[in-house]
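Reader: Please take one part of this model and look at it closely. Short sentences, please, and keep the surroundings in view.

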Amino acid sequence: AFFNNCFIANPKSVEEIATVEAQAFFGEGRFDWQCVIPERLDSSYRDHLNLHGFEMESSFPAMVFDGKISTLKKPGIYSELEIKRVDDLATHEDFKTIAAPAFGIPDFVADRIVTTDFTLNKAFTLYVGYLKGQPVSTSMIYVSHGIAGVYWVATAEDQRGKGLGEALTYHAT
């Protein structure tokens, strides 16, 4: 599955620039990525995307578990964490400080993606996990049409291997 996405939603002239920028950033061989387009825009973008080497797919990759047959177990480190919902500027900055570097996103790109319009948007629920008062891990859950998606699970490089990402995933779900 792809974990880096360029979401297309705006007028074509603006998004043609965005797809070229995304291709330049992700396409340097550093990351797998995909361009996600709502069905209502498919036909208007087909020629543009074909010109830039994209292939249209009819399905979206996903990772899914069935809550009726799968169980989630509380990770041991969960009890050591203080987990806060991102709902102010301080938690917004902590989220960006952990998530962007974990995904290899440079500051100038993070400043355009991880904005307060995104992190403080009530449509999404973002979390920051703190260990001994320091931000160490993040997660986000987005629920649409009865389906929950967990995104932005990230852990500070010096804190990896302790189960923090698992704990923030558990918390989100």
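Author: Contact, as used here, means heavy atoms within 4.5 Å. The model is predicted. The part chosen is helix 3, residues 89-102.

Start with its setting. The protein chain holds 6 helices and 6 strands. Along the sequence they run in the pattern β-α-β-α-β-α-α-α-β-β-β-α. The chain has 173 residues, and 36% of them count as buried. Take the contacts between residues at least 6 apart in sequence: 62% of these join residues at least 24 apart. The chain exposes about 11,000 Å². Carbon and sulfur atoms supply 52% of that area.

Now the helix itself. Helix 3 has 14 residues. From its first C-alpha to its last it reaches 20 Å. At 1.5 Å a residue, 20 Å is what one expects, and the model comes close to that.

Look at both ends. At the start, D88 turns a side-chain oxygen toward the backbone nitrogen of A90, to within 3.2 Å. Just after the helix, G104 takes a positive phi of about 70°.

Which residues of helix 3 are buried? They are T91, H92, F95, K96, I98, A99 and A100. Some background helps in reading such a list. An α-helix has 3.6 residues a turn, so residues three or four places apart point the same way.

What do these buried residues pack against? Their partners include three strands that follow in sequence: strand 4, strand 5 and strand 6. Strand 3 is also among them. So are helix 4 and helix 5, the latter being residues 116-119.

One name on the buried list deserves a closer look: K96, a lysine in helix 3. Its relative accessibility is 16%, and buried means under 20%, so K96 counts as buried. Leave aside neighbours within four places in sequence, and K96 is in contact with P101, A110, D111 and V114.

D111 is the partner to watch. The side chains of K96 and D111 make a polar contact at 2.9 Å. The pair also forms a salt bridge, with its closest N and O atoms 2.9 Å apart. D111 sits in helix 4, residues 107-113, while K96 sits in helix 3, so the bridge ties together parts that are 15 residues apart in sequence. A search of the whole structure finds 1 salt bridge.

Is each partner buried or exposed? D111 is partly exposed, at 46% relative accessible area. K96, at 16%, is buried.

Follow another partner of helix 3, strand 5, which covers residues 134-144. P135 lies in this strand. Neighbours within four places aside, P135 is in contact with D94, I98, V128, G129 and Y130. I98 is also one of the buried residues of helix 3. P135 and T155 are 20 residues apart in sequence, yet their C-alpha atoms are 9.0 Å apart in space.

The loop between strand 4 and strand 5 holds K132. K132 has a positive phi of about 55°, although it is not a glycine. It is exposed, with a relative accessible area of 83%.

Strand 6, another partner of helix 3, has its own residue with a positive phi. That residue is W152. Its phi is near 55°, and it is not a glycine. W152 is buried, at 17% relative accessible area.

V150 is found in strand 6 as well. Its relative accessibility is 31%, which counts as partly exposed. V150 and M140 are 10 residues apart in sequence, and their C-alpha atoms are 5.6 Å apart in space. Beyond its neighbours within four places, V150 is in contact with M140, I141, T169, A172 and T173.

A172 leads to helix 6, residues 164-172. Buried there are L164, G165, A167, L168 and A172. Seen down the axis, they fall within an arc of 160°, so they line one face of helix 6. What covers them includes strand 3, strand 4, strand 5 and strand 6. Those four strands also appear among the elements that the buried residues of helix 3 pack against.

Methods
Residues are numbered from 1 along each chain as its sequence is written. This is a predicted model: local features need pLDDT of at least 70, side-chain atom pairs count only at pLDDT 80 or more; totals for chains, interfaces and linings use all residues. Side-chain values use heavy atoms; hydrogens and water are left out. Buried means under 20% relative accessible area, exposed over 50%, partly exposed in between (1.4 Å probe, protein chains only). Helices (H or I, at least four residues) and strands (E, at least two) are DSSP runs, numbered from the N terminus. The arc is that of the directions from the helix axis to the C-beta atoms. A salt bridge is a side-chain nitrogen of Lys or Arg within 4 Å of a carboxyl oxygen of Asp or Glu. The expected span of a helix is 1.5 Å times one less than its number of residues. A polar contact is a pair of N or O atoms within 3.5 Å; within protein, one must be able to donate a hydrogen and the other to accept it, and residues adjacent in sequence count only if both atoms are side-chain atoms. Accessible areas come from the Shrake-Rupley method with a 1.4 Å probe; for residues, only the protein chains shown count as cover.
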